[in-house]
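Colleague: I have just opened this one and would like to learn how to read it. Could you walk me through it with a few questions?

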Amino acid sequence: VQQLHKQAEKGDAEAQFNLGLLYDRGREVPKDKSEALRWYRLAATQGDAFAQNALGDNYWEGTGVPKDDKEAVRWWRLAADKGFAPAQHSLGKLLAGGGQGVAPDKSQAYMWLVLSAAQGDEEAGRQSEILSKQLPPAEVANLRKLIKQWKPSRASVMVNKIP
């Protein structure tokens, strides 16, 4: 834990995420949600998809931070854009029905769910099938073309851009 803490203090995003995880779960350190979120945020602002997804989950659940679906979408989208399947699934699920301050977008929801399903997420596959029946066939065909062309983004420079 001391070595991990040293690496995290030096700005190692992976170490920051892992330290956040330890605090989140209370493993080898006292359980401390605010400390977990601090480390997640540091890693997330460096583009760590695991940390971005964790922040999205916490904002969606309202654990350690006020519940905020818009913030959840913001963080999940950053991770989803990198190809992180759990974030793609969460984002798709929320966009399918909308949320507090988040308008439903079934087309975007379908896209994210299909991308998650392509990585083996069976539940996302089931949800995308349900959505496909709610969209016009021509739109589904167009979305499938876009999905085939989709490529994950590289970790973008985000340091100091997300408070």
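Colleague: Which residues of H5 meet H4?

Modeller: Keep in mind that this is a predicted model. On the H4 side, look for Ala-49, Gln-52, Asn-53, Leu-55, Gly-56, Asp-57, Tyr-59 and Trp-60. Their partners in H5 are Asp-69, Glu-71, Ala-72, Trp-75, Trp-76, Leu-78 and Ala-79.

Colleague: And how many residues of each class does the contact of H4 with H5 have?

Modeller: Just sort the residues by class. The contact of H4 with H5 has three charged, three polar and nine nonpolar residues.

Colleague: Is H4 roughly parallel or roughly antiparallel to H5?

Modeller: The axes of helix H4 (residues 49-61) and helix H5 (residues 69-81) come within 7 Å and cross at roughly 160°. Angles over 145 degrees count as roughly antiparallel. Therefore H4 is, relative to H5, roughly antiparallel.

Colleague: Is the crossing of H7 and H8 left-handed or right-handed?

Modeller: Good one to check on screen! H7 packs against helix H8 (residues 122-132) at an angle of about 150°, and their axes are 8 Å apart. The contact includes Tyr-110 and Leu-113 of H7 along with Gln-127 and Leu-131 of H8. The crossing of this pair, H7 and H8, is left-handed.

Colleague: Which helix gives the largest share of the largest nonpolar core?

Modeller: That core has 46 residues, and Leu-19, Tyr-40, Leu-91, Tyr-110 and Trp-112 touch the most other members. Leu-91, for example, touches Val-73, Trp-76, Arg-77, Ala-80 and Trp-112, leaving out residues up to four places away in sequence. The largest share of the core is seven residues, and they come from helix H7 (residues 106-117).

Colleague: Is Leu-19 buried or exposed?

Modeller: Leu-19 sits in helix H2. Not counting neighbours within four places in sequence, Leu-19 is in contact with Leu-4, His-5, Ala-8 and Trp-39. Its relative accessible area is 0%, and under 20% is the cut-off, so Leu-19 is buried.

Colleague: Is Glu-28 buried or exposed?

Modeller: Find Glu-28 in the loop between helix H2 (13-25) and helix H3 (33-44). The relative accessibility of Glu-28 is 69%, and the cut-off is over 50%, so Glu-28 is exposed.

Colleague: What is the phi of Glu-28?

Modeller: Here is a nice detail to look at. Most residues other than glycine have a negative phi. Glu-28 is not a glycine, yet its phi is positive, at about 65°.

Definitions and conventions:
Residues numbered from 1 in each chain as written. Predicted model: local features only at pLDDT ≥ 70, side-chain atom pairs only at ≥ 80, totals over all residues. Heavy atoms only, no water. Core = buried A, V, L, I, M, F, W, Y, C linked by side-chain atoms within 4.5 Å. Buried < 20%, exposed > 50% of the residue type's maximum accessible area, 1.4 Å probe, protein only. Helix = DSSP H or I, 4+ residues; strand = E, 2+ residues; numbered from the N terminus. Contact = heavy atoms within 4.5 Å. Axes fitted to C-alpha atoms, helices over the stretch in contact; angles between N-to-C directions. Parallel < 35°, antiparallel > 145°, perpendicular 65-115°, else oblique. Nonpolar A, V, L, I, M, F, W, Y, C, P; charged D, E, K, R; others polar. Left-handed = near helix turned anticlockwise from the far one by under 90°.
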